[in-house]
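Reader: I am new to reading structures. Please pick one cavity and take me through its walls, briskly.

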Amino acid sequence: MHQTQAATQCTQAKLEFQALGGRRVEADFSGGYLSSEGGSLLLRQIDQKLGLCEKLAGCFTDRRDQRFVEHDLAGMLRQRIFGLALGYEDLNDHDCLRRDPLLAAACGRADVLGQERHHAQDAGCPLAGKSTLNRMELGAQEHALTKKIHADADRIQDLLLQMAVAAIPRKSGVIVLDFDATDDLLHGHQEGRFYHGYYKGYCYLPLYCFCGDVPLWSQLRTADGDAAGGTLEALQKIVKAIRGRFGRQVVIIVRADSGFCRDELMSWIETQPQLYYVFGLARNVRLQEMLAPTFWRTAAKLDAEAVRLAKAAGAKAPPELEGTAREFEELSYRTLKTWSRERRVIGKAEITQGKTNPRFIVTNISSREPWAQGEEQFATGSGLYERFYCARGNMENRIKEQQLDLFADRTSTAWKSSNQLRLWFSTFAYLLLSQMRAVALHGTPLATATVGTIRLKLLKIAALITVSVRRIYVQLPSACTLKEVYGLAQRRLAGCSP
């Protein structure tokens, strides 16, 4: 049996560190086939379980002459998406990563050492370099007729929705869809670049939709439109996909902040069976006047005598009182021009350290629906606000997680369509890791961990690779702190453990 355990092709000068006792401490990069991506094998298993990258490859047209192709589309997509999951945001990183035999194995490359490449200059590089991956991304341009690889945006969007809906737990009786928009600051002259006054910079304004930690929608939009632009069209597709899997009896609730409180969106939802909304509502003078009596009750909870004296003196507003208290009020409200009907509004009259803080939400949930009975978060106005609406902050954390840990804001190509493809790659990477949490890590210390924590503790593990005729042997560190979790995740993904 032939065994190869390699030395590096380049020689490195020794790195001298502080001595330890009477011994020198030296280091160099001659360790051979080592990798810091020991968890990439788990990524390969969850990808195979879902068939994600194979299905995604079907959304591309490959016009390359297959006689000369060394890197198939599915392998390139794995390399790009796994790279994001492992913390490599830039295509330039892949000029070094292309030499990693463990990542090559995770991407399905049989020649993990790169010894069978067509050209001698590529020997030792089993994976694609930055230029090859870049050509794949630039093929997303609508008019890129000269590109051999072309991405079909509609099919990619439909695939993301299909796979995300399949990831929602089957026994869900109430499905909550969280919509939100965020800023994606731009530092160049990308196509579709606009200045946004609220974010005080040039940016894109992507639209996201999550169901729990499952991403259903990520649409890159320019920043010159309404924050809710395109939400109705997205919601119609999402609802159709959910109904296709769960049937018409499942309850769907759309939750979003005041930027999505638009009559067109609310009116469509109101015409659909078992479809509801809870939106934030921006305060205005009329709403604050309607909530004024409730503020008197709130102030009385802090100091009833002070309120009595203020009313006796003819005060038009409660006195400023130290402490915190809140009351909720049910209102019926219709705007003067923009709303087509009167709607249920819940107002929060809160006093915090002497300052009033009025807040409002609007909903078509009456709290009398059969599915709402016995549920505290739907039974009262205060429950809808505090227990249900405020929980949408978790969705904001999911967006932050995708941007900070999976580089969803790395939209630095010159063309908007290519930047949209990068956003989708990040979203598919998030879907991959969210399913790893659900399938392989439930009941473990990483069951609710962020993507960054999963990467740090489970994916970024040192590995020594030995390649022989019969096997690829990966040795992981004996001192790995989560080796039991790693082993359990592997068995679950292989279908060997509940």
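**The second largest cavity**

Author: Gln-157, Leu-160, Leu-216, Trp-217, Ser-218, Gln-219 and Trp-424 line the second largest cavity. Two elements each give two or more residues to this lining: α7 (153-167) and β12 (214-219). The top contributor is β12, with four residues. Here α marks a helix (a DSSP run of H or I, at least four residues) and β a strand (E, at least two), numbered from the N terminus.

This is a predicted model, where local features need pLDDT of at least 70 and side-chain atom pairs pLDDT 80 or more, while totals for chains, interfaces and linings use all residues. Residue numbers start from 1 along each chain as its sequence is written, and side-chain values use heavy atoms, without hydrogens and water.

What is a cavity? On a 1 Å grid over the protein atoms alone, it is a set of points where a 1.4 Å probe fits but cannot get out; lining residues have an atom within 4 Å of a point. This one has a volume of about 40 Å³. Volume means the space filled by probe spheres set on the points, which are joined across faces, edges and corners.

Now the chemistry. The lining has four nonpolar residues, three polar and no charged. Nonpolar covers Ala, Val, Leu, Ile, Met, Phe, Trp, Tyr, Cys and Pro; charged covers Asp, Glu, Lys and Arg; the others, Gly among them, are polar.

Set it beside the other one. The structure holds two cavities of 30 Å³ or more. The largest has a volume of about 50 Å³. Its lining counts six nonpolar, one polar and four charged residues. There, α15 gives the largest share, four residues.

Technical notes. 1 Å grid on protein atoms, 1.4 Å probe; cavity = no way out; pocket = protein on both sides within 12 Å on 5 of 7 lines; lining within 4 Å.
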